[in-house]
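Visitor: I am new to this structure and would like a close look at a single part of it, with its surroundings added afterwards. Could you take me through one helix with care, and then lead me outward from there?

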Amino acid sequence: LHMGKTMKEDLTVVAKYIKQLYPPEFNVFSIYAELYHSYFSSQAKKNAESHLEDKDIYLLLSWVHNFYPKEMRKDHALAMELDKVKLGSLLPSSLSKELEKKYLDSEEVTVKNSLSRCLDKEIQRWKEDKEPEKLNGHFQSELLGIFVIQSIYSGQKRAEDISKAMGEELSCRLLKELPAFLRSYRDAFEDFKEKSKKHRYYKPILISNINNCWNFREYMEKYMAEKDDSKAGILSTLADIENSGFDVLLQQLFAQLKPMYKKFTENKWDSSSEIMNEIIKTTSKHISDFQTLKDPFYHAIVEKIHACLVKEYIVRLLKRKVSLKTPAQQQTLAQHISKNAADLEAFCTSNGSQATWLNSALPKLAEIIRLQDLGAIKIEVATLATSYPDIRKRHLEAFLHIKANLSRSELKSILGYLADSTAATQPRAPLFSNINVS
């Protein structure tokens, strides 16, 4: 600092007052600048070749890449004169690169150890009898959700403050550490999930860990290139944590719903409105527990619930438990299904489901039951298959068991039409492919 200040002040005096006392051919400013630079450079080289602590390496590199070329030599009083002199770097390139490697290696290890300690502390927190912290009404872990990313970002920023190239190099190294860290995190989370089911704050901790994933996703979108090789692996690991947490959070609800759905076929769809009300009431109690999820995850879990509610309803329609011979009976059942579908859609939409693709499944099935004209049924089957291209013959055959007044040839004709219309399409999201037909 003293040398830098002295050099800057002295050269300013040379530029302003001394230079004009000599003939131009003496190049007085150049001589002074080269002598000062030579001394400064020799001192920097001497320091670089001695044993330096990490913070000293950082400071020396900051002088080489930043303070010396930018703060001193670009000073408005000196820049024009120094541009004519071509002084070069404070350190030889080989020595500078050696210091850069030492710094990057050290910083990489520092951040890696910091992440490891952070995960260990977080695991300890899970074991304590404490509710996770809340931020804006959402459970979260400050350690994993914020500190880990800050550690990586701070490391990148420090290196970037030395030079853009070093920032990019360290960024590349640290982002390669992230997949390994997240895999360790996922394994620790799985271990907690399996072994701590009786923990007082089991569900809040699961929700907190799901929410943590959003911070990592945001960070990745901001700082990782689209074609980065490790990006797909990171996204896959985060999805594992999220879906694993969702599965546990939804386990109890789905177990409670199954016997309720059985009542539809047991009662041959009589009292179907009461059964649907019971399903909605039960689901509503569980959804209120999920308000502590961050919005993207709340919407994701509500969408999973929405898909389950529709799927379980279709499962009952495909059970071959109801066979109706008259158009009037079929008309009545179609009305029940339409009413249940409307109630289900209203409930899911009001709770934030954005899975609008699910909304037409039950009304389309109701319409197939209601229609009696073979051509009209085929058209409706075609529109159903367009919306849900994962529907297969086995699904439709089981469903058409309800329409007992169809002849064998009519049934065959409808099924053949479906096979043609679904041959080459893939679903945007699966519905029927998740349904087994017995």
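Guide: The buried residues of helix α13 are A361, L362, K364, L365, A366, I368 and I369, and they are described here as they appear in a predicted model. The helix runs over residues 361–370, and because seven of its 10 residues are buried, α13 is largely enclosed by the rest of the structure. Among the elements that cover those buried residues are α11 (295–317) and α12 (327–350), together with α14 (374–387) and α15 (393–400). An α-helix has 3.6 residues a turn, so residues three or four places apart point the same way.

One of the covering helices, α12, holds a pair that can be followed in detail. K339 and D343 both lie in α12, four residues apart, which is about one turn of the helix, and their side chains meet in a salt bridge with an N to O distance of 2.8 Å. K339 is partly exposed, because its relative accessible area is 41%. Elsewhere, K101, D105, E108, E169 and R173 are joined into one network by salt bridges that share partners, and the count of salt bridges comes to 25.

Two further salt bridges show other settings for such a pair. In one of them the side chains of D240 and R186 meet at 2.9 Å, N to O. D240 lies in helix α9 (residues 231–266) and R186 in helix α7 (residues 164–195), so this pair ties together parts that are 54 residues apart in sequence. D240 counts as partly exposed, because its relative accessibility is 34%. In the other, the side chains of E81 and K84 meet at 3.9 Å, N to O; E81 counts as buried at 15% relative accessibility, whereas K84 is exposed, with a relative accessible area of 59%.

To place these parts in the whole chain, it helps to know its division into domain 1 (1–91), domain 2 (99–242) and domain 3 (268–434). The C-alpha centres of domain 2 and domain 3 lie 41 Å apart, and 12 residues of domain 2 are in contact with eight residues of domain 3.

From there we can turn to helix α5, which spans residues 93–127 and contains S96. At 6% relative accessibility S96 counts as buried, and, leaving aside residues up to four places away in sequence, S96 touches L61, V64, H65 and L91. The loop between α4 (79–83) and α5 is the place of K86, a residue that has a positive phi of about 60° although it is not a glycine. K86 counts as exposed, because its relative accessibility is 70%.

Another loop, the one between α1 (2–18) and α2 (28–48), is where L21 lies, and L21 is exposed, with a relative accessible area of 65%. Together with Y22 and F26, L21 forms a nonpolar patch on the surface, and the three have about 350 Å² of accessible area together. N27 lies in the loop between α1 and α2 as well, and its phi is near 50°, a positive value in a residue other than glycine. At 45% relative accessibility, N27 counts as partly exposed. Helix α1 itself is the place of D10, which is partly exposed with a relative accessible area of 28%; D10 and A33 are 23 residues apart in sequence, and in space they are 9.4 Å apart, C-alpha to C-alpha.

The cysteines can close this tour. A disulfide is a covalent bond between the sulfur atoms of two cysteines. A search of the whole structure finds zero disulfides. C118 is accordingly in no disulfide, and the nearest cysteine sulfur, that of C213, is 14 Å away, while a pair would need its sulfur atoms within 2.5 Å to count as a disulfide. C118 is buried, with a relative accessible area of 2%, whereas C172 is partly exposed, with a relative accessible area of 39%.

Notes
Residues are numbered from 1 along each chain as its sequence is written. This is a predicted model: local features need pLDDT of at least 70, side-chain atom pairs count only at pLDDT 80 or more; totals for chains, interfaces and linings use all residues. Side-chain values use heavy atoms; hydrogens and water are left out. Patches are made of residues with over 30% relative accessible area and no salt bridge: like charges are joined within 9 Å, nonpolar side chains (Val, Leu, Ile, Met, Phe, Trp, Tyr) within 5 Å. Accessible areas come from the Shrake-Rupley method with a 1.4 Å probe; for residues, only the protein chains shown count as cover. A salt bridge is a side-chain nitrogen of Lys or Arg within 4 Å of a carboxyl oxygen of Asp or Glu. Helices (H or I, at least four residues) and strands (E, at least two) are DSSP runs, numbered from the N terminus. Buried means under 20% relative accessible area, exposed over 50%, partly exposed in between (1.4 Å probe, protein chains only). Domain bounds come from an automatic or database domain assignment. Contact means heavy atoms within 4.5 Å.
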